[in-house]
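Visitor: I would like a close look at a single part of this structure. Please take one residue and follow it outward to its surroundings.

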Amino acid sequence: MASLWRAATGQAEQPNNYDGVEYWANPERTGWLTKQGEYIKTWRRRWFVLKQGKLFWFKDSTVTRVSKPRGVIPVATCLTVKGAEDILNRQYAFELSTRSDTMYFIADSEKEKEDWINSIGRSIVQHSRSVTDSEIVDYDSKRKKKKKSQNHKITKFQFAKPLKQPNILNLKTEES
């Protein structure tokens with residue numbers, strides 16, 4: 001159906017964006033989520049695999065070397081992951097947002113939702129383009145050294161659970 005949509009709208013088939021990630025072997029997280037379609041906004045149950053900063057989804061849970069993902073989201077492009085029950089009016093819903101798009105998902109339980117939010121949140125921080133191993137600075141240390149850079153660095157993240165509000169990944173930045 002997606003290829004029909006691309007043909008009808010004149011969009012070319014997008015090349016795979018797997019960057020050599022072996023999504024079939026030792027994933028960081030897997031499980032069933034219900035996802036809203038990109039073009040036709042129906043809800044479909046899909047098998048998700050999170051590995052090396054990419055969130056893949058498949059039609060069924062048997063993922064092998066020859067399986068072709070139905071889609072992939074590079075989490076480095078994501079800005080937030082948070083609960084979305086109040087937006088969708090559906091239990092166990094959460095959203096994943098980039099600068100240009102917001103995708104909605106529904107987990108099977110509150111625990112599954114929290115686990116996905118935590119896993120995706122960690123992956124966003126780990127694969128953020130603004131942080132590399134050589135740039136990590138211990139801001140709690142008394143021996144802080146200021147670098148002469150105009151980049152923003154993520155200094156810490158926390159998962160907040162305010163009363164009667166969805167969990168939100170808070171990324172705190174500090175200018176160097």
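Visitor: Which residues does Glu95 touch, not counting residues up to four places away in sequence?

Guide: This is a predicted model, and the answer should be read with that in mind. Leaving out residues up to four places away in sequence, Glu95 touches Thr80, Val81, Lys82, Ala84, Ile87, Thr102, Met103 and Tyr104. As for its own position, Glu95 lies in strand β6, which covers residues 93-98. Glu95 has a relative accessible area of 6%, so it counts as buried, the cut-off being under 20%. The side chain of Glu95 also has a polar contact with the side chain of Ser97, at 3.4 Å.

Next come the strands. Strand β7 consists of residues 102-106. Strands β6 and β7 form a hairpin, with 3 residues between them. The pairing of β6 with β7 is antiparallel and runs over 5 bridges. One of the bridge partners can be named: Ala93 is matched with Ile106 in β7.

Strand β7 also pairs with β1, the strand of residues 29-36, again in the antiparallel sense, here over 2 bridges. Ile106 appears in this pairing too, as the bridge partner of Thr34. Ile106 of β7 is thus a bridge partner of both Ala93 and Thr34. As for exposure, β7 is mostly covered, with 4 of its 5 residues buried.

To return to the starting point, Glu95 is a buried residue in strand β6, and β6 pairs with β7 in the antiparallel sense.

Note on methods
Residues are numbered from 1 along each chain as its sequence is written. This is a predicted model: local features need pLDDT of at least 70, side-chain atom pairs count only at pLDDT 80 or more; totals for chains, interfaces and linings use all residues. Side-chain values use heavy atoms; hydrogens and water are left out. Buried means under 20% relative accessible area, exposed over 50%, partly exposed in between (1.4 Å probe, protein chains only). A polar contact is a pair of N or O atoms within 3.5 Å; within protein, one must be able to donate a hydrogen and the other to accept it, and residues adjacent in sequence count only if both atoms are side-chain atoms. Contact means heavy atoms within 4.5 Å. Two strands pair if DSSP finds at least two bridges between them.
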